[in-house]
Amino acid sequence: YVVAGGSGYLGEHLARRLMSKGEEVLVVDRYPPRSGAPHVVHDLREPLTLDVEVPVIYHLAANPSVRATMEESRARFEEELKVTLNVAELARTTDAELLVYVSSPAVYGDAPTPTPESAPLRPISFHGLNKALSEGVVDFYARNYGIRSLIIRLTNVAGGAMTHGVIVDFIRRLRANPRELEIYGDGTQGRSYLYIDDALRAFEVLEERRAAGVYNAGNDDWVSVNEVASIVSSTMGLEPRIKYNRCTMEVREAIGVGWPGDIRLVFPDSSKLKSLGWAPSMGSREAVARAVRDILGGSPS
């Protein structure tokens with residue numbers, strides 16, 4: 001396996017999981033992985049040549065921040081499309097049998113929920129746009145070069161050694177100031193969460209079933225940002241005053257989102273994946289609570 005972006009949060013967990021099953025893994029990233037996996041330190045904005053055949057390539061090399069892609073749109077656009085093209089070229093030149101691209105429900109934009117894979121792609125953020133265009137690159141290579149492609153539109157993942165996201169952000173803020181917690185928007189924005197083990201199991205099931213095409217991977221429910229704040233606070237034994245930052249735009253105030261590109265409710269329909277025998281082991285609320293305990297307990301996994 002080649003795991004592009006294998007030094008990031010999800011990539012680290014995937015590399016460890018594959019190695020625990022006895023698989024050969026090569027991580028490609030700008031930084032050495034903490035997982036201890038064999039690796040090549042390489043900036044995937046530049047082409048990469050490997051003189052071996054690689055049966056499976058996972059592409060997880062991307063910036064997960066919606067806000068960052070909105071604030072640095074040109075740089076993030078050029079970076080992510082270059083990276084996807086170079087990973088797809090790597091799949092072609094190494095005769096890969098399977099190219100897995102981990103995408104996002106952000107490609108749907110503000111769509112009716114729960115959102116099926118057949119919904120039109122109408123992203124409202126550069127993050128979603130970059131994901132949708134990268135999906136197109138992966139599909140192009142699959143159709144033209146005989147590579148089986150698998151696109152997984154993965155919802156919010158939590159648990160283990162988390163490095164980013166609202167849960168991590170809330171914990172950091174409360175450690176700095178236990179008396180007050182700032183929330184962007186009105187806190188009613190909703191997200192479906194998967195615990196890290198359930199996300200990795202989704203990858204395994206799709207591989208085992210030799211799946212191809214597009215699959216959503218999310219939970220059967222969702223939680224609001226206010227609920228996440230409550231879970232984090234109570235787990236830390238705190239009762240902070242909640243301060244809402246509605247930014248400055250009247251439109252954002254009216255609909256309650258926190259920044260341009262923020263989606264009101266992210267809740268993909270994962271029935272297609274569930275039909276293959278996969279199901280999450282816990283709901284969104286439990287996944288968030290477990291993730292908080294992992295962080296506070298210093299979980300390395």
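Colleague: Leaving aside neighbours within four places in sequence, which residues is F203 in contact with?
Modeller: This is a predicted model, and the contacts of F203 are computed from it with neighbours within four places in sequence left aside. What remains is a set of six names: L10, L14, Y58, V102, I152 and L154.

Colleague: Which residues have the most contacts inside the largest nonpolar core?
Modeller: The largest nonpolar core has 58 residues. Apart from it lies another core, of 23 residues, among them V2, V28, V54 and V87. Inside the 58-residue core, the residues with the most contacts are L154, I167 and F203.

Colleague: Which element gives the largest share of the largest nonpolar core, and how many residues is that?
Modeller: F203 is among the residues with the most contacts in this core, and F203 is also one of the buried residues of α6. The largest share of the core comes from that helix, α6, with seven residues.

Colleague: How many of the 13 residues of α6 are buried?
Modeller: Helix α6 covers residues 196-208 and is mostly covered. The buried residues are I196, D198, A199, L200, A202, F203, E204, V205, L206 and E207. The list includes D198, E204 and E207 alongside residues such as L200 and F203. The count of buried residues in α6 is ten.

Colleague: How far does α6 reach from its first C-alpha to its last, and which residue with positive phi follows the helix?
Modeller: At 1.5 Å a residue, 18 Å is expected for the 13 residues of α6, and the helix comes close to this with 19 Å. After the helix, phi turns positive, near 50°, at R210.

Colleague: Which residues of α1 are buried?
Modeller: Helix α1 spans residues 9-20. L10 and L14, both in contact with F203, are on its buried list. The full list is Y9, L10, G11, E12, H13, L14, A15 and L18.

Colleague: What is the handedness of the unit made by β1, α1 and β2?
Modeller: Strand β1 (residues 2-4) and strand β2 (residues 26-29) run parallel and are joined by three bridges. V3 has V27 as its bridge partner in β2. Helix α1 completes the β-α-β unit with these two strands, and G22, with a positive phi near 85°, follows the helix. The unit is right-handed.

Colleague: Which residue of β3 stands opposite D29?
Modeller: Strand β3 (residues 39-41) pairs with β2 in the parallel sense, over three bridges. D29 lies within the β2 range of 26-29. Its opposite residue in β3 is V41.

Colleague: Which strands are the edges of the open sheet β12-β9-β14?
Modeller: The pairing in this sheet of three strands is mixed. Strand β9 (residues 190-191) runs parallel to β14, with two bridges between them, and G190 has L265 as its bridge partner. An edge strand here pairs on one side only, which is the case for β12 (223-224) and β14 (265-266).

Colleague: Does S233 count as buried or exposed, and why?
Modeller: S233 lies in helix α7 (residues 225-235). Not counting residues up to four places away in sequence, S233 touches L174, L181, L238 and P240. Buried means under 20% relative accessible area. S233 is at 5%, so the residue counts as buried.

Colleague: Which residue has its backbone oxygen 2.8 Å from a polar atom of the S233 side chain?
Modeller: S233 is a buried residue of α7. A polar atom of its side chain lies 2.8 Å from a backbone oxygen, and that oxygen belongs to A229.

Key: Residues numbered from 1 in each chain as written. Predicted model: local features only at pLDDT ≥ 70, side-chain atom pairs only at ≥ 80, totals over all residues. Heavy atoms only, no water. Helix = DSSP H or I, 4+ residues; strand = E, 2+ residues; numbered from the N terminus. Expected span 1.5 Å × (residues − 1). Buried < 20%, exposed > 50% of the residue type's maximum accessible area, 1.4 Å probe, protein only. Pairing = 2+ DSSP bridges. Core = buried A, V, L, I, M, F, W, Y, C linked by side-chain atoms within 4.5 Å. Contact = heavy atoms within 4.5 Å. Polar contact = N/O pair within 3.5 Å; in protein donor to acceptor, adjacent residues only side chain to side chain. Right-handed = clockwise from strand over helix to strand, strands pointing away.
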